[in-house]
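This report describes the architecture and selected side-chain contacts of a single protein chain. The sequence and the model are shown first, and the description follows.

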Amino acid sequence: MGTAVGRERAPVGAGPLDRVFDWPHWQLSRGRLAAAACSAAFAVALCADAGAFRAAGVIVLMETLLLALPWRVPRTGRSVAGFWAEIVCGLLAPLGALAVAVWAGPAWLWQPGAPQWYVAGAALGGALLWLGGMNLRALATGELAFFAGPTRPGHGYARATAILVGPFGEEALYRGIVLTAAASAATTDLPLGLLAAAAFVARHHISPGANGRDSTRAMAVEVSAAALLLALTVYSQSVYPALLAHLINNIPSAVLQIQCARSGRADTV
């Protein structure tokens with residue numbers, strides 16, 4: 001992680017881009033470099049032999065390069081526009097993959113899966129929430145948002161958007177591709193599935209800053225989610241049970257971000 005960590009704002013007189021990026025301190029830590037390399041390897045695998053999803057490989061590579069830029073941290077001192085710029089870059093691969101899937105129309109896009117797999121998906125989503133340790137009662141009463149503290153509305157709503165929108169594209173990209181590979185005689189689905197699972201975890205660690213993901217518990221949730229969502233997709237032969245699990249896990253975090261954003265708006269009134 002570069003020395004930009006802890007810098008609250010750009011130097012006086014800096015241009016708009018300097019208030020978003022910290023070019024003089026651009027430095028990829030080993031962790032960020034490893035995460036970017038993993039994501040790039042997945043992109044290359046897609047480009048090499050993934051049929052219509054080769055276009056998604058190009059998009060993943062573009063997103064990896066954009067997230068590796070020296071985004072200024074901590075993000076609290078960044079403008080709302082600058083914050084949204086990073087959020088949009090982080091949604092490039094999921095939404096791009098979703099667009100590719102809709103355009104290509106793979107068979108799995110129309111396979112809902114058997115009802116019992118949705119029960120399994122709901123249980124998995126609840127298990128991931130439990131593993132993450134979020135206190136849902138405190139979330140419901142607003143205590144969690146109170147202790148988290150208010151955030152700038154633009155920042156909070158941007159985070160909530162990414163949390164809610166991301167799963168749709170991530171399931172298409174990191175789990176749907178496995179079903180695409182399984183349907184192709186030219187592609188082996190297991191190695192690609194494992195690489196997709198690793199890339200799913202890695203993409204959350206390319207941007208600078210801790211982002212609340214450096215703890216052992218957060219990493220355990222990410223690794224567990226990658227493995228279990230992949231298994232659920234393979235066994236159900238559908239991405240939708242995994243999507244349900246993903247959304248159940250993400251929705252409370254989005255609610256928390258919205259609550260903090262509303263607290264931030266109240267503080268400015």
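Thr-64 is placed in helix H2, where helices are DSSP runs of H or I with at least four residues, strands are runs of E with at least two, and both are numbered from the N terminus. Thr-64 is buried, at a relative accessible area of 4%. Buried denotes under 20% relative accessible area, exposed over 50%, and partly exposed the range in between, computed with a 1.4 Å probe on protein chains only. When neighbours within four places in sequence are left aside, Thr-64 is in contact with Ala-36, Ser-39, Ala-40 and Ile-206; contact means heavy atoms within 4.5 Å.

The model is predicted: local features require a pLDDT of at least 70 and side-chain atom pairs count only at pLDDT 80 or more, whereas totals for chains, interfaces and linings use all residues. Residues are numbered from 1 along each chain as its sequence is written, and side-chain values use heavy atoms, with hydrogens and water left out.

**Overall architecture**

The secondary structure comprises 11 helices and 0 strands. Of the 269 residues of the chain, 45% count as buried. Among contacts between residues at least 6 apart in sequence, 79% join residues at least 24 apart. The chain exposes about 12800 Å², of which carbon and sulfur atoms supply 69%; accessible areas come from the Shrake-Rupley method with a 1.4 Å probe, and for residues only the protein chains shown count as cover.

**Nonpolar cores**

In soluble globular proteins, nonpolar side chains tend to be buried together. A nonpolar core is here a set of buried Ala, Val, Leu, Ile, Met, Phe, Trp, Tyr and Cys residues joined through side-chain atoms within 4.5 Å. The largest such core holds 34 residues, and those that touch the most other members are Phe-42, Leu-46, Val-60, Trp-108, Leu-173, Tyr-174 and Ile-177. At least two residues of this core come from each of helix H1 (30–49), helix H2 (54–67), helix H4 (92–104), helix H5 (115–132), helix H8 (153–182), helix H9 (189–202), H10 and H11. Helix H8 gives the most, with 7 residues. Leu-173 touches Phe-42, Leu-46, Ala-56, Val-60, Ala-93 and Ala-97, not counting residues up to four places away in sequence. Apart from this core lies another, of 12 residues, among them Ala-36, Cys-38, Ala-68 and Leu-69.

**Salt bridges**

Side chains of opposite charge can pair when their charged atoms come close. With a salt bridge defined as a side-chain nitrogen of Lys or Arg within 4 Å of a carboxyl oxygen of Asp or Glu, the count comes to 6. The table gives examples.

| Pair | Distance, N to O |
|---|---|
| Glu-63 and Arg-203 | 2.8 Å |
| Arg-78 and Glu-86 | 2.7 Å |
| Arg-203 and Glu-170 | 2.6 Å |

The salt bridge between Arg-203, in the loop between H9 and H10, and Glu-170, in helix H8, ties together parts that are 33 residues apart in sequence. Glu-63 lies in helix H2, so the salt bridge of Glu-63 with Arg-203 ties together parts that are 140 residues apart in sequence. Glu-63, Glu-170 and Arg-203 are thus linked in a network of salt bridges. Arg-203 is buried, with a relative accessible area of 8%, and Glu-170 is buried at 5%. Glu-63 is buried as well. Both Arg-78 and Glu-86 are also buried.

**The surroundings of Ser-238**

Ser-238 is found in the loop between helix H10 (216–236) and helix H11 (240–268), and is buried, with a relative accessible area of 0%. The side chain of Ser-238 reaches the backbone oxygen of Gln-111 at 2.6 Å, and a polar atom of this side chain lies 3.1 Å from the backbone oxygen of Pro-112. A polar contact is a pair of N or O atoms within 3.5 Å; within protein, one must be able to donate a hydrogen and the other to accept it, and residues adjacent in sequence count only if both atoms are side-chain atoms. Apart from residues up to four places away in sequence, Ser-238 touches Gln-111, Pro-112, Gly-113, Leu-179 and Thr-233.

**A nonpolar surface patch**

Leu-17, Trp-23, Trp-26, Leu-28 and Leu-33 make a nonpolar surface patch of about 500 Å². Patches consist of residues with over 30% relative accessible area and no salt bridge, with like charges joined within 9 Å and nonpolar side chains (Val, Leu, Ile, Met, Phe, Trp, Tyr) within 5 Å. Trp-26 lies in the segment before H1 and counts as partly exposed, at 44% relative accessibility.
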